[in-house]
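Dear colleague,

I am passing the structure on to you with this message, and my notes on what was found in it follow below.

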Amino acid sequence: MKKPLLHQVYDTDMFRKKGHELIDQLADHLEDKLRQTSKNAIHWNEPDTELAFWENFLKNGVENRLFPEIIKRTTYIHHPHYIGHQVTPTAPMTALTGMISSLLNNGMAVYEMGMSPSAIERVVTDVLCKKIGYDTHSGGFLTSGGTLANLTALLTARKANVEADIWNEGSQQQLGIMVSEEAHYCVDRAAKIMGLGEQGIIKIPATTDFRMDTALLEETYAEATKKGIHIFAIIGSAPSTATGMFDDLQQIADFAKNKKLWFHVDAAHGGAAIFSPKYKPLLKGIDQADSVVIDGHKMMMMPALTTALLYKKSVHTNVTFSQKADYLLTESELEDWCNSGKKTFECTKTMMSIHWFTMLKLYGEDVFDAYVTHLFDMGEHFAGVISEHPHFELAVQPMSNIVCFRFIDAKLSSEAQNKQNETIRKALLEDGEFYIVQTKLRGVHYLRVTIMNPFTTETHFNNLLDKICVLADNI
Ligand SMILES: *Cc1c(COP(=O)(O)O)cnc(C)c1O
């Protein structure tokens, strides 16, 4: 006889059986993709086709096909031909920590609801602060994604750096932030959420190589200030998303210090380079930032979402959402490291710290160096291949593992070349052997790769370029 419904849900024998089956399916998937037993990085379906499949599956699908179909009908991040968005092929061990988090469901809003993940979070963020070069007054926490972390940091900046009590009384004056025109769109979104409006986002133009033009900082600041805008923060990108170019953080730090601005570094993608002796110099000046964002799910091999938000002064972690002005917080409130919910935007969050801790415990800090250094090196290799190829050109000499390039056909007008590259990218997606993305830079259409998989080699890349040449011939 079938068990009552809720007993079925919590049937531990079934969990054990299905769990073992699933691990086997996922391990098979990993082997298949990592070793490229199957050729494709994606089996593209139009959204409506995919929708129809799942609508039908809910009614008629066979239960034991559920997990296998989900696994199959995705983009294969672990395939060396996946060189698209900045999402990491997760270290398989962190899929296991993901399962622990999902099953134990300790939400960590208060210490009692997650003792180990709360303490572990402290250990992990202390390691990160130290690597940044902060002293012992620093501290931080983990939160759900770079987007939310950037918003949180800017809220802290406003609370700490604007005298008026905006949290309680609303904003009476026009406030502003300064940021490169190349910054991730989530910074704009954060500013809009905070009510700064379009006029409160002071865009600093980028140089020809897509880095913040720091020579324009003084005059941009003066212009905005003349209009009555009170600027309270400046944001550096490390690197910016589209091109992977790093802003000169030291220059921004000096400027911020001079103008008493909060200096925030959006290092969602490249922050992991704090672990790389070779590439850490790209982050020079990061130790002077008031706050830093680093995504674990980008350059640190962890599952989405997990982001570290680190502060030069740990007291700032408690002021963001406090009802009181920060100078009214008591010593014990300021020292309350273990109740994560007071500091984070989220109330409940996942036990994300255990991914970071497991990586550190099983493989040591060196694992992050190995990953970042290798992938940034590959960015340079790929750029070299493109530079030497007669049919391709780079948008810019890359500083990281993000490379923008395009197919060139000198016979065509610039408009037709844009169209051609757009068509190439669409054809690649539908073909599915390689997964890459695209971006428009100053009106020019580029193909864009982010090398995220340590097993993607120059041979794969050459095969991609060959394929593009064939596709271009057929267009
Ligand atoms: C990816 C990225 C973000 C957004 O982070 P999510 O974790 O996707 O929310 C913000 N800034 C930069 C520079 C990024 O590369």
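Leu305 sits in the loop that leads from α12 (296-299) to β7 (307-311), and the peptide bond from Ala304 to Leu305 is cis in this predicted model, with an omega near -15°. A second cis peptide bond runs from Ala238 to Pro239, where omega is near -5°, and Pro239 belongs to the loop between β4 and α11 (249-259). A further backbone feature is found at Asn105, which has a positive phi of about 55° although it is not a glycine; Asn105 is part of the loop between α5 and α6 (115-132). As background to these three places, most residues other than glycine have a negative phi, and most peptide bonds are trans.

On the overall division, the domain assignment splits the protein chain into domain 1 (3-90), domain 2 (106-363) and domain 3 (366-474). The centres of domain 1 and domain 2, taken over C-alpha atoms, are separated by 35 Å, and the contact between them takes five residues from domain 1 and seven residues from domain 2.

The strand β7, mentioned at the start, belongs to an open sheet of seven strands, whose order is β1-β7-β6-β5-β4-β2-β3 and whose pairing is mixed. Because β1 (139-143) and β3 (201-204) stand at the edges with a single partner strand each, one side of each is left without a neighbour in the sheet. Direction ignored, neighbouring strands of this sheet are turned by 20° against each other on average. Within the sheet, strand β2 (residues 175-180) and strand β4 (residues 230-237) run parallel and are joined by five bridges, and Leu175 has His230 as its bridge partner in β4. Helix α9 (residues 185-193) packs on this sheet, where it touches β2, β3, β4 and β5 (262-266), and the direction of α9 makes about 155° with that of β3.

There is also a second open sheet, formed by four strands in the order β8-β9-β11-β10, and here the pairing is antiparallel. Its edges are taken by β8 (392-394) and β10 (437-441), each of which has a single partner strand, so one side of each is left without a neighbour in the sheet. In this sheet the neighbouring strands are turned by 40° against each other on average, direction ignored. Strand β9 (residues 402-407) and strand β11 (residues 444-450) run antiparallel and are joined by four bridges; the bridge partner of Phe405 in β11 is Leu447. Helix α17 (residues 458-474) packs on the sheet and touches β8, β9 and β11, with a direction that makes about 30° with that of β9. Helix α15 (residues 366-388), for its part, lies across β8 and β9 and runs at about 135° to β8.

Finally, I turn to the pockets. The largest pocket has a volume of about 1300 Å³, and its lining consists of 42 residues, of which Leu26, Thr90, Pro92, Ala95 and Leu96 lie nearest the centre of the pocket. Where does the largest pocket lie with respect to domain 1 (3-90) and domain 2 (106-363)? Both domains give residues to the lining, so the largest pocket lies between them. Among the helices, α2 (12-34), α4 (66-72) and α5 (92-104) each supply at least two residues of this lining, and the largest share, 13 residues, comes from α2. Sorted by class, the lining of the largest pocket holds 22 nonpolar, 16 polar and four charged residues.

With best regards

Notes. Residues numbered from 1 in each chain as written. Predicted model: local features only at pLDDT ≥ 70, side-chain atom pairs only at ≥ 80, totals over all residues. Heavy atoms only, no water. Pairing = 2+ DSSP bridges. Axes fitted to C-alpha atoms, helices over the stretch in contact; angles between N-to-C directions. Contact = heavy atoms within 4.5 Å. 1 Å grid on protein atoms, 1.4 Å probe; cavity = no way out; pocket = protein on both sides within 12 Å on 5 of 7 lines; lining within 4 Å. Points joined across faces, edges and corners; volume = space filled by probe spheres on them. Nonpolar A, V, L, I, M, F, W, Y, C, P; charged D, E, K, R; others polar. Domains from an automatic or database assignment.
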